[in-house]
Amino acid sequence: MKKFLTGNEAVARGAYEAGVTFASAYPGTPSTEILENIAPYKEYMYSEWAPNEKVALETAIGASIAGARALAAMKHVGVNVAADPLFTYSYTGVNGGLVLVSADDPGMHSSQNEQDNRYYAKFSKVAMVEPSDSQEAKDFVKTALEISEKYDTPVLLRLTTRICHSKTLVELGEREEVGIKTYKKNIPKYVATPANARVLHIKVEERLKQLEKFSNETDLNKIEWNDSKIGIVTSGIAYQYAKEVFGDDASYLKLGFTHPLPMKKIKEFADKVEILYVIEELEPYMEEQMKAAGIKCIGKESIPRIGELNPDIIAKAILNEERPIIEYSEDEIVGRPPTLCAGCPHRGFFYMLSKKKNVMITGDIGCYTLGSAQPLSSMDTCICMGASVSAGHGAQKAFEFNKVDKKVIGVIGDSTFFHSGITGLMDIVYNKGNAVTVILDNRITGMTGHQENPGTGYTLQGEKTHAINIPMLCEAIGVKNENIFVINPLNLDACNKAIDDALSREEPAVIITEWPCVLKKLSTEDIEKFGKGKRMICKVDEEKCKACRICTKTGCPAISFDKKAKINEDMCVGCDVCLQACPFDAIIKVGE
Amino acid sequence: MKEVKNILLVGVGGQGIILASKILSQGLISAGYDVKMSEVHGMAQRGGSVTTQVRFGKKVYSPIIGKGQADIVVSFEKMETLRWLDHLKKNGKIVVNDYEIPSAPILVGDAKYPQNLIDILKEKADTTVFKAAEIAKELGNIKTMNVVMLGALTKAMGLTDVDWETIVRSNVKEKFVDMNINALRKGMEQVK
Ligand code: SF4
Ligand code: SF4
């Protein structure tokens with residue numbers, strides 16, 4: 001049977017068919033839907049959200065050592081977090097097969113950089129496969145697990161946004177139950193002390209040789225002969241783009257297994273074509289190795305290394321072809337940047353924060369990163385997940401030491417706090433820091449589309465579980481109770497007071513804003529705690545409106561301005577933030 | 001490559017574009033085509049500009065549509081048509097919903113919503129304009145706007161040999177089936 005699946009859905013299906021029984025991930029675009037689509041196979045596979053990618057990989061490693069086929073999934077920057085266990089698991093090797101999915105984001109559709117994670121396979125010396133559509137995404141999961149078990153290596157399955165989020169037709173197969181391998185205690189293999197690891201490193205180098213042999217033999221790396229004037233070495237989505245441009249006018253060496261590279265096969269191919277192009281997205285990963293092996297080819301001289309590739313770029317770069325396009329004046333078009341939703345609980349807090357003078361605000365990765373946009377503009381930095389707290393601490397210490405009179409506020413979300421904010425907060429407490437930490441707890445992982453986390457009270461598979469209490473957690477690591485402020489972010493006075501109070505403390509202080517994301521499907525616990533959500537909305541009394549535009553400074557997309565302020569009744573959820581902001585009481589509540 | 005057709009659906013996050021594209025793709029698959037569809041995720045969903053791309057034909061390689069390549073641009077929001085106009089083929093078609101969603105810079109008064117948009121579009125390409133939002137509201141729910149658009153699209157593309165009603169039926173909740181079938185028909189009626 002054929003189904004129309006995204007690459008992410010296909011990977012999930014692949015895990016099911018390949019007999020995987022353990023899967024873990026931390027949500028991150030473009031990888032999130034992999035675990036979401038594994039979760040429904042509850043009867044066959046155990047799956048969970050981990051608090052961060054390092055934990056996700058480490059649990060998968062545990063399952064693999066125990067003998068189960070295991071999968072961990074994350075976005076490209078997540079692999080940086082998981083790099084530590086990856087490099088050592090490369091040394092020990094596996095028991096049950098292990099696949100690490102890295103979903104890279106060329107073009108940075110929703111990421112802070114566009115690193116090319118193929119280098120991780122080379123760096124950590126593990127095998128790598130690169131599918132070029134959903135069918136391969138599914139099939140390669142199984143192949144990767146077989147390679148993993150046969151060659152005793154973790155396997156990196158590298159996807160990119162266009163693979164993750166494009167739907168193509170996939171022929172489904174049956175699940176093959178592989179069961180669990182016997183676990184035998186094996187200290188020299190699984191205990192990476194220096195003495196053991198030295199021996200293991202020799203095995204790793206040996207393994208790479210065998211893998212290269214496999215790479216030259218496997219039909220994951222296949223030649224498509226057509227005209228031999230132009231030869232193209234390519235992998236992943238770049239293969240599809242190359243086919244789109246050249247069709248049958250060129251010959252292809254399509255690489256599905258890309259670490260180690262099949263150098264012998266590449267040489268043979270290179271010898272038989274007149275001009276050899278390497279068409280790959282982002283970095284010259286293959287090109288560098290080919291050139292080092294003395295193979296003459298054209299790569300990044302013509303194909304850009306910045307941004308997402310597409311057929312147009314290739315056609316222009318190599319064939320100097322450009323399609324005629326319709327001319328029009330771009331000045332007419334107004335930008336449409338993403339915004340915090342109408343009624344978003346972060347907005348009230350950011351609005352009050354934006355009024356504070358002489359503070360540096362260190363931000364983090366999540367919906368609330370949008371608090372950096374106009375008109376709130378309340379964020380000075382955004383580096384990586386968790387860095388709001390730790391970078392905030394560093395900045396505060398630097399200001400203090402150099403006698404700069406400035407306070408620092410680090411802003412982080414609930415899921416992100418569990419991910420890696422907590423370690424930064426421990427650093428603040430331990431090192432007598434004074435930066436204020438704000439945990440914007442909207443009761444869910446918002447940005448990636450509502451995944452459960454250790455604070456929500458539910459697991460990925462929908463079971464009820466213990467919800468970690470953030471204020472108590474902060475207290476447990478040493479923040480004094482009197483320096484913890486739990487507030488409702490929709491109450492502007494409360495926000496203002498908490499910010500001032502926290503800033504006045506000489507000791508580590510934490511503000512926790514608690515209100516569910518406006519798009520969240522409320523749990524029974526949420527309803528108990530926050531109520532059902534009112535049906536009333538806000539409206540502008542035009543008589544009273546003095547056209548001061550202050551309400552528009554809250555950045556709510558439901559408020560527009562044309563001589564007087566106006567509230568879009570379809571969008572407003574009655575959060576009251578604008579009502580409190582209006583100095584002339586021109587905003588009123590209407591409805592039931 | 002020549003037999004591959006390209007459809008670009010553009011609009012704003014929350015307008016139901018992804019569902020419309022899904023239904024469209026299922027219809028094309030049932031008609032025996034190879035289909036690839038590319039969707040946008042992440043940041044763009046928070047009120048940002050959204051596009052999905054559907055390509056179909058005997059054999060499709062790239063899942064994305066390049067500039068100057070779309071046979072038809074289906075626009076759920078007026079201004080978004082202009083943003084994507086460079087993707088339309090020289091002799092391509094536009095199906096546009098006469099509906100405005102002001103973006104953040106417009107809301108705060110930093111910019112003005114472009115004037116005479118429809119005239120500009122008509123000057124540039126073969127443009128069909130209609131008010132899907134009003135039609136959807138008349139049918140009882142503005143959310144069916146996406147299916148109204150879908151109806152117009154399938155008609156404009158001449159994809160009339162597919163049983164769209166069955167596919168719509170299997171993609172919406174039981175109690176919304178009738179409303180959506182009506183929306184589909186109304187949409188088809190909009191295009192001559
Ligand atoms: S803040 Fe009040 S007075 Fe000022 S523009 Fe808004 S509604 Fe009018
Ligand atoms: S009450 Fe005001 S701030 Fe809140 S959603 Fe409605 S318009 Fe926006």
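The questions and answers below walk through a predicted model and its cores, ligand shells, interface and salt bridges.

Reader: What kind of model is this, and which pLDDT do side-chain atom pairs need?
Author: Residues are numbered from 1 along each chain as its sequence is written, chains are lettered from A and ligands numbered from 1 in the order in which they are written, and side-chain values use heavy atoms, with hydrogens and water left out. This is a predicted model in which totals for chains, interfaces and linings use all residues, local features need pLDDT of at least 70, and side-chain atom pairs count only at pLDDT 80 or more.

Reader: Which helix gives the largest share of the largest nonpolar core?
Author: A nonpolar core is a set of buried Ala, Val, Leu, Ile, Met, Phe, Trp, Tyr and Cys residues joined through side-chain atoms within 4.5 Å. Buried means under 20% relative accessible area, exposed over 50%, and partly exposed in between (1.4 Å probe, protein chains only). The largest core has 62 residues, and A:Leu35, A:Leu71, A:Ile147, A:Phe246 and A:Ile279 touch the most other members. Seven of the core's residues, the largest share, come from chain A's helix α6 (residues 134–151).

Reader: How many residues are in the second, separate core?
Author: In soluble globular proteins, nonpolar side chains tend to be buried together. Here a second core stands separate, with A:Cys344, A:Ile412, A:Val438 and A:Ile511 among its members. Its size is 51 residues.

Reader: Which strand holds A:Thr234?
Author: A:Thr234 is buried, at a relative accessible area of 0%. Contact means heavy atoms within 4.5 Å. Leaving out residues up to four places away in sequence, A:Thr234 touches A:Tyr239, A:Leu253, A:Lys254, A:Leu255, A:Ile279 and A:Met286. Helices (H or I, at least four residues) and strands (E, at least two) are DSSP runs numbered from the N terminus, and A:Thr234 lies in chain A's strand β10 (residues 230–235).

Reader: How many residues around ligand 2 are charged?
Author: A residue is near a molecule or strand if one of its heavy atoms lies within 4 Å of it. The residues around ligand 2 include A:Cys538, A:Cys556, A:Cys572, A:Cys575, A:Asp576 and A:Cys578. Ala, Val, Leu, Ile, Met, Phe, Trp, Tyr, Cys and Pro count as nonpolar, Asp, Glu, Lys and Arg as charged, and the others, Gly among them, as polar. The shell around ligand 2 has nine nonpolar residues, two polar and, on the charged side, one.

Reader: How many nonpolar residues does the shell around ligand 1 have?
Author: There are 13 residues around ligand 1, and A:Cys545, A:Cys548, A:Arg549, A:Cys551 and A:Cys582 come nearest. By class, two are charged and no residue is polar. The nonpolar count is 11.

Reader: What area do chain B and chain A bury between them?
Author: Chain A brings 51 residues to the contact and chain B brings 54. Buried area is the accessible area (1.4 Å probe) that two parts lose on being put together, summed over both. Of this area, 61% is on carbon and sulfur atoms, and the total is about 4700 Å².

Reader: Which residue of chain B meets A:Glu244 in a salt bridge?
Author: A salt bridge is a side-chain nitrogen of Lys or Arg within 4 Å of a carboxyl oxygen of Asp or Glu. The rule finds three salt bridges across the interface of chain B and chain A. In one pair, the N to O distance from A:Glu244 is 2.8 Å. The partner sits in chain B's strand β3 (residues 49–57) and is buried at 1% relative accessible area: B:Arg55.

Reader: Which lysine forms salt bridges with B:Asp98 and B:Glu100?
Author: B:Asp98 is partly exposed at 23%, and B:Glu100 is partly exposed at 43%. Their lysine partner counts as buried at 11% relative accessibility. Its N to O distance is 3.1 Å to B:Asp98 and 3.3 Å to B:Glu100. It is B:Lys78.

Reader: Is A:Lys138 buried or exposed?
Author: A:Lys138 forms a salt bridge with A:Asp139, with the closest N and O atoms 3.5 Å apart. A:Asp139 is partly exposed, at 31% relative accessible area. A:Lys138 has 6% relative accessibility, so A:Lys138 counts as buried.

Reader: How many salt bridges are found over all chains?
Author: Side chains of opposite charge can pair when their charged atoms come close. One network of salt bridges links A:Asp104, A:Asp116, A:Arg118, A:Glu130, A:Arg158 and A:Glu280. For the whole structure, the search finds 41.
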